[in-house]
Every structure is written in structure tokens, then in C-alpha cells.
Amino acid sequence: QALYRKMFVDDVDVENLPDGWRMGTISDFGEIITGKTPSTLDESNFGNDVPFVTIPDMHNVVFVLKTERALSIKGANSQKNKTIPENSICVSCIGTPGLVIINKQPIQTNQQINSVVLKNPNTLYYCYFALNSLKQIIAEYGMGAAVLNNLNKEEFSKLQILIPDNDSLNEYTEKVSSMFDLLYQTQQENKKLTEMLSVVMV
């Protein structure tokens, strides 16, 4: 995060951007998918096959490795266009707005979450922090401030975001990838320890 701020915030004048840099929108980075909940009237839509991310799963983590609920194959197939491929970014936009996570496997989410399926995998870690930096703006929408009710897909897609040149993005990715890899491994180990402890406690 400190390197993100140094490269893309503190030393950057948005009124006089370096060559190759520009202001764009979130949709410039990829396809936006708003989640959906399969019919809860049909219990067979839920099971243990496809992680189903909701806001409680997004607190205090970078990578979502565990979800409170999961869909069955049937439930996931009933809305295939809502499947989020791995290494996408999910952002909560209603309820507790502004939470940002990265998924490491195919998932689906509920309707409170907009996800960015990135065109360029090299923008993953840059976009993670860039979307985190929009938390206050997202919160103003998601908490119904003033005239704003919620941040729907169209409004989310149009939020402004800085787009650096490819060389800067590649440099940033190269410098931070190992840190994110280590963080992911640590989260996996913590998850395993938690599961082991829960078995012992039982």
C-alpha cells in the first residue's frame, strides 16, 4: 500500500499527468458483474460446490478463502453469467460499502457486490488498492447519503480511476507480487489452523 501511494498518489498531479497516463473509469479495467442470489425457495440451489460471497465474507481479508454459504452446481448453473473467474476484484456497494477482496477461485456473489473481471491480469494489485481508495465515494452511495440511494452497476462502472501507463503498472506488479503471494499463503495457513482448532474443540 505504501508503494501504491508513492507511485500513484503522493507524487502524482492529476492536473498534469505523466505521458501515457489518463483518468478513466472502472469499466476501462474490465467487465463489471453484479451478483445475484438464486431462488431461496428452492433449497437445491444451495450446497457445497461453488463459493457464494456475501458481505460478511469480505471483512478483514485481502483474499476470500472461506464463505458462509455456497451454491450447488445446479444453483450456480442457473445463473452462469454471474460466475466470477479467479483473480477478479469484488467490491461491496450496499450494506457495508467499500469492502474490497480478490478471489482465488471461481465464485458467485450476491446482489450487494459488484465485481471487476479484469482485461489485463497485470492490473490486479493496482486495481485492488485503487478501488480501496474509492471507499469513501462508494460509502456515500451505499449508505444512502443525500440523494444517492445505492451504487448500481452503471454508476459503479463510471467511477473515475487513474490509469497509469503499462510500464508503471508492470513495474508495480513486479514489485508487489511476492508480497501478495506471501499474504495469500499466510491466509491459507490461518484458515487451516482455524479448521484444525474447530475440530479439536469439538
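1. Start with the pair in helix H6: glutamate 171 and lysine 175 make a salt bridge, with their closest N and O atoms 2.9 Å apart. Keep in mind that this is a predicted model. The two residues sit 4 places apart in H6, about one turn of the helix. That spacing suits a pairing, because an α-helix has 3.6 residues a turn and residues three or four places apart point the same way. Glutamate 171 counts as partly exposed because its relative accessibility is 36%, and lysine 175, at 41%, also counts as partly exposed.

2. Further along H6 there is another salt bridge, between glutamate 195 and lysine 191, at 2.8 Å from N to O. Again the partners are 4 residues apart in helix H6, about one turn. Glutamate 195 is partly exposed at 34% relative accessibility, and lysine 191 is partly exposed at 27%.

3. The whole structure has 7 salt bridges. One of them joins aspartate 28 and arginine 22, at 3.6 Å from N to O. Both ends are partly exposed: aspartate 28 has 31% relative accessibility, and arginine 22 has 43%.

4. Now for a charged residue without a partner. Lysine 82 lies in the loop between helix H2 (73–77) and S6. It is buried yet has no salt bridge, and the nearest side chain of opposite charge, glutamate 31, is 8.5 Å away. A salt bridge needs N and O within 4 Å, so that 8.5 Å gap rules glutamate 31 out as a partner. What does lysine 82 touch, leaving aside its neighbours within four places in sequence? The contacts are Ile33, Thr34, Gly35, Lys36, Ile107 and Gln108.

5. On to the sheet. It is open, with 5 strands in the order S2-S9-S6-S7-S4 and mixed pairing. At the edges are strand S2 (30–34) and strand S4 (63–64), each paired on one side only. S4 runs parallel to strand S7 (residues 100–103), and the two are joined over 2 bridges. Across that pairing, phenylalanine 63 stands opposite isoleucine 102 in S7. Helix H3 (residues 124–132) packs on the sheet and touches strand S6 (89–92), S7 and strand S9 (113–118). The direction of H3 makes about 160° with that of S7.

6. H3 is also mostly covered, with 8 of its 9 residues buried. Among the buried ones are Tyr125, Tyr126, Phe129 and Leu131.

7. Where do those side chains fit in? The largest nonpolar core has 39 residues, and Ile89, Tyr126, Leu131, Phe156, Tyr172 and Phe180 touch the most other members. Elements that each supply at least two residues include helix H1 (2–10), helix H4 (135–142), strand S10 (160–163) and helix H6 (166–201). The largest share, 8 residues, comes from H3. In soluble globular proteins, nonpolar side chains tend to be buried together.

8. Tyrosine 172 is worth clicking on. Setting aside neighbours within four places in sequence, it contacts Leu3, Tyr4, Met7, Phe8, Tyr125, Tyr126 and Phe129. Apart from the largest core lies another one, of 12 residues, among them Met58, Cys90, Ile101 and Val117.

9. One last residue, aspartate 167. Is aspartate 167 in helix H6 buried or exposed? It counts as exposed because its relative accessibility is 59%, and the cut-off for exposed is over 50%. Its C-alpha atom lies 22 Å from that of valine 116, with the two positions 51 residues apart along the chain counted as their separation.

Terms used. Residues are numbered from 1 along each chain as its sequence is written. This is a predicted model: local features need pLDDT of at least 70, side-chain atom pairs count only at pLDDT 80 or more; totals for chains, interfaces and linings use all residues. Side-chain values use heavy atoms; hydrogens and water are left out. Two strands pair if DSSP finds at least two bridges between them. Contact means heavy atoms within 4.5 Å. Axes are lines fitted to C-alpha atoms, for helices over the stretch in contact, and angles run from 0 to 180 degrees between N-to-C directions. Buried means under 20% relative accessible area, exposed over 50%, partly exposed in between (1.4 Å probe, protein chains only). Lys and Arg count as positive and Asp and Glu as negative; His and the chain ends are not counted. A nonpolar core is a set of buried Ala, Val, Leu, Ile, Met, Phe, Trp, Tyr and Cys residues joined through side-chain atoms within 4.5 Å.
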